[in-house]
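Good morning, colleagues, and thank you for making time for this presentation. Please take a moment with the sequence and the structure before I begin.

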Amino acid sequence: MSSSGAGNGSEVPTVLVRDKGSRDLLCFLEQLIPLDGVDYALLTPVDTPVCLFRLKDGDEPELIDAISDSEPILSVADVDLQEHDLTLVRSAVTLTVSGELDEPDPDELEEDSEEEDDSETYELLVSFLVEEQEYGLYIPLDPFFVVARMNDGAAELVEGEEFDRIQPRIEAELEERELSN
């Protein structure tokens, strides 16, 4: 594990998570949760996670959850983000954007959430056209957590059946910790 930031004493440790496709994602270590003799880590990405949506006139945006790294859509998104001094990163778990993002005004978010329905959980970062089809990269407004198994200081992404099995136990442990604080 490594630490980031200048030595101010309140540094949050970071870990590098690798998926089965050998893609990495640098994350902050938020919580360490021991279960059955295994240390599981609850992590948040250092860079901003983004989701790719296909935009259709009058319809709800359609989430694209599987896309190859060589997809032309991502090349166009790269170019569009570079105009905003941002970089699209094809990382483990999710696409991320590195660079300085404008922080949303908390007052604006409150106003928006009162006006719109509760299903609004994403904020549009950029939209662009590929072969006459509009796409958008959206930032999830809910916290984005990654679960990893810690093994000799290395973080291994927890996916599939193992994730389905331990996720409720991790949530229960976190709720218990919150109640005891």
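**Salt bridges, core and surface**

I begin with R23, which counts as partly exposed because its relative accessibility is 30%. Please bear in mind throughout that we are looking at a predicted model.

What does R23 meet in a salt bridge? The partner is the side chain of D19, with an N to O distance of 3.0 Å. D19 counts as buried, because its relative accessibility is 10%. This pair therefore joins a buried aspartate, D19, to a partly exposed arginine, R23.

Another salt bridge is formed by R18 and D24, whose closest N and O atoms are 2.8 Å apart. R18 has a relative accessible area of 47% and is therefore partly exposed. D24 is also placed in the partly exposed class, because its relative accessibility is 29%.

I turn now to E162 and R149. These two residues form a salt bridge as well, and here the closest N and O atoms are 2.5 Å apart. E162 belongs to helix 3, residues 160-180, while R149 belongs to strand 11, residues 146-151, so the bridge ties together parts that are 13 residues apart in sequence. Is E162 buried or exposed? At 16% relative accessibility, E162 counts as buried. R149, with a relative accessible area of 22%, is partly exposed.

There is also a network of salt bridges, and it links R54, K56 and E62. In total, the structure holds nine salt bridges.

Let me now step back to the whole protein. Its secondary structure consists of three helices and 12 strands. The protein has 181 residues, and buried residues make up 31% of them. Considering contacts between residues at least 6 apart in sequence, 50% join residues that are at least 24 apart. The exposed area of the protein is about 11700 Å², of which carbon and sulfur atoms supply 45%.

For a view of the interior, please find L52 in strand 5. L52 counts as buried, because its relative accessibility is 2%. Which residues does L52 touch, once those up to four places away in sequence are set aside? The list includes E62, L63, I64 and I67, followed by I73 and L74, and further along the chain F128, Y135, G136 and L137. E62 deserves a second mention here: it is 10 residues from L52 in sequence, and the C-alpha atoms of the two residues are 8.5 Å apart in space. E62 thus appears both among the contacts of L52 and in the salt-bridge network with R54 and K56.

Next, the surface. Where is negative charge gathered? D57, D59, E60 and E134 form a patch of negative charge there. One of these residues, E60, is located in the loop between strand 5 (48-55) and strand 6 (62-64). E60 counts as exposed, because its relative accessibility is 67%.

The surface also carries a nonpolar patch, made by L16, L26 and V46, with an area of about 230 Å². L16 is found in strand 2, residues 13-18. With a relative accessible area of 47%, L16 is partly exposed.

I close with two residues whose backbone angles merit attention. D85 is not a glycine, and yet it has a positive phi of about 60°. Its place is in the loop between helix 1 (72-82) and strand 7 (87-90). D85 is exposed, because its relative accessible area is 67%.

The other residue is E132. What is the phi of E132? The value is near 65°, again positive in a residue other than glycine. E132 lies in the loop between strand 9 (122-130) and strand 10 (133-140). The relative accessible area of E132 is 81%, and the residue is therefore exposed.

To review, we have looked at salt bridges such as that between D19 and R23, at the buried residue L52, at the negative patch that includes E60, at the nonpolar patch of L16, L26 and V46, and at the positive phi values of D85 and E132. Thank you for your attention.

How values were computed. Residues numbered from 1 in each chain as written. Predicted model: local features only at pLDDT ≥ 70, side-chain atom pairs only at ≥ 80, totals over all residues. Heavy atoms only, no water. Patch = residues over 30% accessible without salt bridge, like charges linked within 9 Å, V, L, I, M, F, W, Y side chains within 5 Å. Areas by Shrake-Rupley, 256 points an atom, 1.4 Å probe, with all protein chains shown as cover. Salt bridge = Lys/Arg side-chain N within 4 Å of Asp/Glu carboxyl O. Lys, Arg positive; Asp, Glu negative; His and termini not counted. Charge placed at Lys NZ, Arg CZ, Asp CG, Glu CD. Helix = DSSP H or I, 4+ residues; strand = E, 2+ residues; numbered from the N terminus. Buried < 20%, exposed > 50% of the residue type's maximum accessible area, 1.4 Å probe, protein only. Contact = heavy atoms within 4.5 Å.
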